[in-house]
Amino acid sequence: KTNISGVVPETAMVADHAPRTEAGIGALMPWADRLWAVTYVAHMKQTGSGTGLYEIDQDLTLHKHPKSVVGTYANRLIHGPSHQLFMGPYAIDTTGNVRVIEGVQEHRLAATMEHLTDPANKVYFLAMEGEFFEVNVHTLETRQLFDLKRELAVPGGAKPHFKSGFTNHGRVVIANNTYSSLEDDDGRLAEWDGEGSWKILEKTAFTEVWGARASGAPLLATGWDKASVILKAYIDGKWSTYRLPKASRTFDGTSYTEWMRIREVETERALMDVHGLFYEVGYHTYGGNLWAIRPVSTHLRIIPDFASWRGMLVFAGNQATPMQFNGANLDRNPLAGQAQAGLWFGKTDDLWSFGKPAGSGGVWYETQVEAGEISDPYLMGGFDKKSLHLNHDADETVRFTLEVDVIGDGKWHELKEFAVGPGEYLHYAFPSNYSAQWVRLRSDKGGRVTAYFIYE
């Protein structure tokens with residue numbers, strides 16, 4: 001097979017010429033002695049053709065499965081009790097036999113999750129428009145439980161874009177990344193305990209939910225707002241909020257985040273991909289705090305999924321995106337050719353040779369802050385050449401206290417104090433040899449504040 005910098009062209013998954021569509025690889029999973037992949041078109045079967053379910057064997061030969069159906073699919077889950085892989089609208093046993101789940105086939109599938117009350121016999125499916133299903137793993141009988149647009153009060157004019165879900169710690173947590181402007185609050189992070197109503201945790205864009213089942217067993221969710229990336233962590237029975245930089249703002253927006261994931265790539269070690277930055281994430285926690293997180297590299301790839309397979313790290317892709325919906329005369333991307341997506345084969349350590357970790361973001365961005373308010377922790381460890389930028393709209397001097405958690409154990413220390421007068425702008429460059437794990441700010445007066453960090 002040809003191998004060009006980890007790309008094997010023979011494994012590309014290519015859509016037909018009409019309708020012009022996407023051919024993204026929504027999910028990857030090693031199973032039944034091969035690597036399985038499922039694709040997504042721009043919307044559903046009426047807007048694309050030629051894609052489906054694929055198998056890659058040990059010789060890196062690509063086979064399209066005869067039961068393939070066209071659709072938008074980016075879900076995967078191993079159901080341990082029944083020894084089946086649920087990927088797209090398919091149930092795949094350990095010998096590679098495939099069954100199609102007709103009850104979810106016509107929906108844009110974002111996640112499959114373990115069931116809360118009958119985990120041996122049922123799973124949940126989440127679709128991008130907010131449909132939440134229960135599927136019997138034996139009979140494949142399907143029942144819709146919720147319309148999450150209604151349950152979570154997603155505004156009627158907003159484009160629903162539910163992207164992920166995970167079951168852990170006796171709750172299902174789901175993410176909707178609806179986000180089209182800096183003032184948008186249409187996205188949702190929400191949880192359900194199997195009884196009663198759903199609880200909204202955040203009203204901004206969230207795109208991934210993942211949980212560890214060992215050591216500290218953190219449950220993590222990634223999203224963003226106009227200030228920065230948001231990392232929610234459920235540890236020791238409570239949610240905490242952290243903030244991270246954005247490596248690129250080209251990932252802002254509902255449709256530009258396909259599909260930033262968190263996955264185990266080595267035993268009990270995970271990679272987190274969010275807003276153009278890879279992070280290594282550990283399973284363990286310390287005193288209720290997120291302990292092991294470090295930036296690895298920046299990138300501009302669309303990586304809808306990634307997995308470890310036969311000693312390699314494999315990236316799914318989405319390399320060309322022509323768009324022409326429902327026979328419309330306007331071609332949305334006439335400079336893109338035939339839709340296709342390829343795989344990248346490498347090893348985990350290759351990621352450290354990608355772009356240097358860098359990015360920007362704020363703990364506050366034109367945010368109304370109360371006197372004495374403390375910001376969320378913002379990640380500092382692992383980045384170089386750090387600077388802070390401060391301004392506010394108060395008609396008097398505001399004093400900001402910069403505090404650091406040096407090693408990530410939740411113990412905060414005052415580092416520096418800044419006095420910013422009315423209409424002033426302050427820039428502070430950290431010493432070149434200085435770093436801590438987390439940084440945060442405290443304001444002594446109220447007002448609209450921007451506190452923005454740039455890491456180069």
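## A cluster of rings

Ring pairs join Tyr124, Phe132, Phe146, Trp192 and Trp198 into a cluster, in a model that is predicted. Across the structure there are 28 aromatic pairs. One of them is formed by Phe146 and Trp192, whose rings meet edge-to-face, with 4.9 Å from centre to centre and 80° between the planes. This pair links distant parts of the chain, since Phe146 belongs to strand E13 (residues 142-147) and Trp192 to strand E16 (residues 188-192), 46 residues apart.

Trp192 also pairs with Trp198, and here the arrangement is stacked, with the centres 5.6 Å apart and 20° between the planes. Are the residues Phe146 and Trp192 buried or exposed? Both Phe146 and Trp192 are buried. Trp192 counts as buried because its relative accessibility is 8%, a value under the 20% limit that is used for this class. Trp198 has a relative accessible area of 8% and is therefore buried.

## Charges over rings

Two lysines are placed over aromatic rings. Lys163 lies over the face of Trp259, at 3.3 Å from the ring centre. The charged end of Lys226 sits over the ring of Tyr365, and the distance to the centre of that ring is 5.8 Å.

## The largest pocket

The largest pocket holds about 740 Å³ of space. It is lined by 34 residues, and those closest to its centre are Met29, Arg76, Phe166, Trp210 and Arg263. Several strands give two or more residues each to this lining, among them strand E2 (24-31), strand E6 (76-79), strand E14 (162-168), strand E18 (205-211) and strand E22 (262-266).

Which classes of residue make up the lining of the largest pocket? When the lining residues are sorted by class, 17 are nonpolar, 9 are polar and 8 are charged.

## Met312 and its surroundings

Met312 is found in strand E29, which covers residues 312-315. Its relative accessible area is 24%, so Met312 is partly exposed; the class of partly exposed residues lies between the limits of 20% and 50%.

Where the chain brings Met312 and Thr348 together, these residues are 36 residues apart in sequence, while their C-alpha atoms are 7.4 Å apart in space. If the neighbours within four places in sequence are left aside, Met312 is in contact with Ala307, Phe345 and Gly346.

Definitions and conventions. Residues numbered from 1 in each chain as written. Predicted model: local features only at pLDDT ≥ 70, side-chain atom pairs only at ≥ 80, totals over all residues. Heavy atoms only, no water. Phe/Tyr/Trp six-rings, centres within 6.5 Å; stacked < 30°, edge-to-face > 60°. Helix = DSSP H or I, 4+ residues; strand = E, 2+ residues; numbered from the N terminus. Buried < 20%, exposed > 50% of the residue type's maximum accessible area, 1.4 Å probe, protein only. Lys NZ or Arg CZ within 6 Å of the ring centre and 35° of its normal. 1 Å grid on protein atoms, 1.4 Å probe; cavity = no way out; pocket = protein on both sides within 12 Å on 5 of 7 lines; lining within 4 Å. Points joined across faces, edges and corners; volume = space filled by probe spheres on them. Nonpolar A, V, L, I, M, F, W, Y, C, P; charged D, E, K, R; others polar. Contact = heavy atoms within 4.5 Å.
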